[in-house]
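Hi everyone, thanks for making time this morning. Let me put the structure up on the screen, and then we can walk through it together.

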Amino acid sequence: MKNVISIIDTFTSKEFSGNPAAVYHMYEDKSTEWMQSFAAEINLSESELTGEIPSSIGNLINLKYLDLGYNQLTGEIPSEIGNLTNLVQLNLHHNQLTGE
């Protein structure tokens with residue numbers, strides 16, 4: 001079956017005015033390892049996220065870009081982010097995070 005990727009506008013009911021997001025439609029089950037290796041970019045800035053960044057973020061070994069800025073994240077920056085050896089850009093600003 002052919003892969004299908006859709007673009008949606010989030011946080012709005014008006015076309016072309018929200019945060020664009022790509023949705024990958026999967027027609028068969030994939031392993032957790034496959035899904036973790038698939039992720040290369042995560043942009044969740046300005047998404048009203050709360051709570052702590054989970055330590056499992058360190059399992060996304062192919063992640064190159066991670067943007068969690070402008071949310072309400074709290075707690076310590078997980079040391080597991082150091083496992084992201086392919087990371088080129090990390091944005092955590094405008095949260096209430098501690099650590100280095």
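Here is a warm-up for you: in which segment is Glu100 found? Glu100 sits in the segment that follows strand 8. Please keep in mind throughout that we are looking at a predicted model. Glu100 is exposed, and its relative accessible area comes to 95%. If you look for Ile77, you will see that the C-alpha atoms of Glu100 and Ile77 are 6.8 Å apart in space, with their positions 23 residues apart in sequence.

Let's step back to the whole chain for a moment. The protein chain contains one helix and eight strands. If you read along the sequence, the pattern is β-β-α-β-β-β-β-β-β. The C-alpha trace spans about 45 × 35 × 20 Å along its principal axes. Of the 100 residues in the protein chain, 22% are buried. As for contacts, take those with a separation of 6 or more: residues 24 or more positions apart account for 36% of them.

Now to the sheets. A quick reminder before we go on: strands of a sheet pair through backbone hydrogen bonds, and the pairing can be parallel or antiparallel.

I'll begin with the sheet in the order 3-5-7. This one is an open sheet formed by three strands, and its pairing is parallel. Strand 3, residues 41-43, and strand 7, residues 89-91, are the edge strands, each of them pairing on one side only. From one strand to the next, the twist averages 10°. Zooming in, strand 3 pairs with strand 5, residues 65-67, in the parallel sense, and three bridges are involved. You can pick out Ile42 here, whose bridge partner in strand 5 is Leu66.

While we are in strand 5, have a look at Asp67, which lies in that strand. How far away is the nearest side chain of opposite charge to Asp67? That side chain belongs to Lys64, and it is 17 Å away. Asp67 is buried, yet it has no salt bridge. So what is Asp67 in contact with, once we leave aside its neighbours within four places in sequence? The list is Ile42, Asn43, Leu44, Ser45 and Asn91. Ile42 we have just met, as the bridge partner of Leu66.

Next, the sheet in the order 4-6-8. Again we have an open sheet of three strands with parallel pairing. Strand 4 and strand 8 stand at the edges with a single partner strand each, so one side of each has no neighbour in the sheet. Strand 4, residues 50-51, pairs in the parallel sense with strand 6, residues 72-76, over two bridges. In that pairing, Gly51 stands opposite Leu73 in strand 6. Moving across, strand 6 runs parallel to strand 8, residues 96-98, and three bridges join them. Two places to look at on screen: Thr74 has Gln96 as its bridge partner in strand 8, and Glu76 stands opposite Thr98 in that strand.

Let me finish with the charged pair. How many salt bridges does the structure hold? The structure holds one. That salt bridge is between Lys30 and Glu28, and their closest N and O atoms are 3.0 Å apart. The side chains of Lys30 and Glu28 are also listed as making a polar contact, at 3.0 Å. To find Lys30, go to the loop between strand 2, residues 19-25, and helix 1, residues 32-38.

Are these two partners buried or exposed? Glu28 counts as exposed because its relative accessibility is 52%, and the cut-off for exposed is over 50%. Lys30 has a relative accessible area of 28%, so it is partly exposed. For a sense of where Lys30 sits relative to a later part of the chain, take Asn86, 56 residues along: the C-alpha atoms of Lys30 and Asn86 are separated by 22 Å.

That's my tour. Thanks for listening, and I'm glad to go back to any part of it.

Terms used:
Residues numbered from 1 in each chain as written. Predicted model: local features only at pLDDT ≥ 70, side-chain atom pairs only at ≥ 80, totals over all residues. Heavy atoms only, no water. Helix = DSSP H or I, 4+ residues; strand = E, 2+ residues; numbered from the N terminus. Buried < 20%, exposed > 50% of the residue type's maximum accessible area, 1.4 Å probe, protein only. Polar contact = N/O pair within 3.5 Å; in protein donor to acceptor, adjacent residues only side chain to side chain. Salt bridge = Lys/Arg side-chain N within 4 Å of Asp/Glu carboxyl O. Pairing = 2+ DSSP bridges. Axes fitted to C-alpha atoms, helices over the stretch in contact; angles between N-to-C directions. Lys, Arg positive; Asp, Glu negative; His and termini not counted. Contact = heavy atoms within 4.5 Å.
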